[in-house]
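Trainee: Hi! Could you walk me through this protein chain before lunch?
Mentor: Happy to, let's put it on the screen.

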Amino acid sequence: MSKGILGKKLGMTQIFTEKGEVIPVTVVEAGSSVVLQNKTVESDGYNAVQLGFGLIKDKKATKPMKGHFAKAGVKPVRFIRELRLPSAPEYKVGETVGVDVFSEGEIIDVTGTAKGKGFAGGIKRHNYKRGPMGHGSKSHREPGTIGSRMSGGGGKVFKGKKLPGRMGGQKVTVQGLKVAKVDAARNLILIKGAVPGPRGSFVVIRDTVKKTK
């Protein structure tokens with residue numbers, strides 16, 4: 001059965017192996033994911049489990065969500081995500097999923113929201129090449145022509161053209177990360193390498209979709 005948990009990124013640090021090797025890790029607090037709902041092909045058209053993480057005060061939850069939480073018999077949470085499953089879910093509504101569902105050495109995928117970097121030009125945002133830097137040039141860092149020399153009486157800019165704009169803040173999934181250590185006593189999971197998002201942001205940890213040796 002596919003598995004996954006929700007968590008909060010606490011930051012990065014490093015640990016040492018028995019051989020003295022240094023491993024950079026990201027620490028994620030992920031020990032209290034509650035099951036809010038099970039979805040099946042018969043009732044919803046697909047198999048999935050809905051998890052929640054991060055307790056909040058009752059007054060911060062809307063009336064529809066309060067009813068949803070009451071039906072599951074859990075307290076209001078801030079972060080809710082669905083995890084698609086290949087078969088009918090085996091989770092029980094209201095139970096807690098801890099970090100012990102993963103073990104050291106497992107390969108996982110982590111999804112989070114990347115850091116927002118504000119407005120950026122084409123060179124920084126899309127790795128464009130810089131224009132000529134001579135005194136005669138007037139387009140050192142500009143994107144250049146974007147819609148000329150088109151038939152039909154004038155050019156136009158197609159949707160999706162890579163131009164300057166807001167950079168970051170999008171959903172990012174990093175695949176093939178390795179679980180370096182699981183601390184069930186403190187509800188922590190240490191992941192080798194970096195995961196998307198700033199400190200304090202929520203992430204989704206699940207089995208990797210890629211086949212690994």
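Trainee: Great. Which residues form the positive surface patch?
Mentor: Lys-57, Lys-59, Lys-60 and Arg-78 form the positive surface patch. Patches are made of residues with over 30% relative accessible area and no salt bridge, with like charges joined within 9 Å and nonpolar side chains (Val, Leu, Ile, Met, Phe, Trp, Tyr) within 5 Å. Lys and Arg count as positive and Asp and Glu as negative, while His and the chain ends are not counted. The place of a charge is taken as NZ of Lys, CZ of Arg, CG of Asp or CD of Glu.

Trainee: Anything I should know about the model itself?
Mentor: It is a predicted model, where local features need pLDDT of at least 70 and side-chain atom pairs count only at pLDDT 80 or more, while totals for chains, interfaces and linings use all residues. Residues are numbered from 1 along each chain as its sequence is written, and side-chain values use heavy atoms, with hydrogens and water left out.

Trainee: Back to the patch. Where is Arg-78, and is it buried or exposed?
Mentor: Arg-78 sits in strand E5, residues 77–84. Helices (H or I, at least four residues) and strands (E, at least two) are DSSP runs, numbered from the N terminus. Arg-78 has a relative accessible area of 51%, so it is exposed. The words are used like this: buried is under 20% relative accessible area, exposed is over 50%, and partly exposed is in between (1.4 Å probe, protein chains only). The areas come from the Shrake-Rupley method with a 1.4 Å probe, and for residues only the protein chains shown count as cover.

Trainee: New topic: how many salt bridges are in the whole structure?
Mentor: A search of the whole structure gives 3 salt bridges. The term means a side-chain nitrogen of Lys or Arg within 4 Å of a carboxyl oxygen of Asp or Glu.

Trainee: Why do such side chains pair up?
Mentor: Side chains of opposite charge can pair when their charged atoms come close.

Trainee: Which residue does Glu-106 form a salt bridge with?
Mentor: Its partner is Lys-3, and the closest N and O atoms are 3.1 Å apart. Glu-106 lies in the loop between strand E6 (96–97) and strand E7 (107–113), and Lys-3 in the segment before strand E1 (4–16), so this pair ties together parts that are 103 residues apart in sequence. Lys-3 is partly exposed, at 22% relative accessible area.

Trainee: And what does Glu-82 pair with?
Mentor: Glu-82 forms a salt bridge with Lys-39, with 2.6 Å between the closest N and O atoms. Glu-82 is in strand E5 and Lys-39 in strand E3 (residues 33–39), so the pair ties together parts 43 residues apart in sequence. Glu-82 is partly exposed at 29% relative accessibility, whereas Lys-39 is buried at 14%.

Trainee: Which side chain meets Arg-186 in a salt bridge?
Mentor: That is Asp-183, at 2.8 Å, N to O. Arg-186 is exposed, with 59% relative accessibility, while Asp-183 counts as buried at 16%.

Trainee: You mentioned E3. What else is in that strand?
Mentor: Ser-33 is in strand E3, and Leu-36 is there too. Ser-33 is buried, with a relative accessible area of 0%, and Leu-36 is buried with 4%.

Trainee: What does the side chain of Ser-33 reach?
Mentor: It reaches the backbone nitrogen of Leu-6 at 3.0 Å. For a polar contact you need a pair of N or O atoms within 3.5 Å; within protein, one must be able to donate a hydrogen and the other to accept it, and residues adjacent in sequence count only if both atoms are side-chain atoms.

Trainee: Nice. What about Ser-201, is that buried or exposed?
Mentor: Ser-201 counts as buried, at 14% relative accessibility. Ser-201 lies in the loop between strand E11 (188–192) and strand E12 (202–207). A polar atom of the Ser-201 side chain lies 2.7 Å from the backbone oxygen of Pro-198.

Trainee: Last one: what is the phi of Asn-127?
Mentor: Asn-127 has a positive phi of about 65°, although it is not a glycine. Most residues other than glycine have a negative phi. Asn-127 is in the loop between helix H3 (122–126) and strand E9 (165–168), and it is exposed at 69% relative accessibility.

Trainee: And Asn-187, what is its phi near?
Mentor: The phi of Asn-187 is near 55°, which is also positive. Asn-187 lies in the loop between strand E10 (171–183) and E11, and is partly exposed at 32% relative accessibility.
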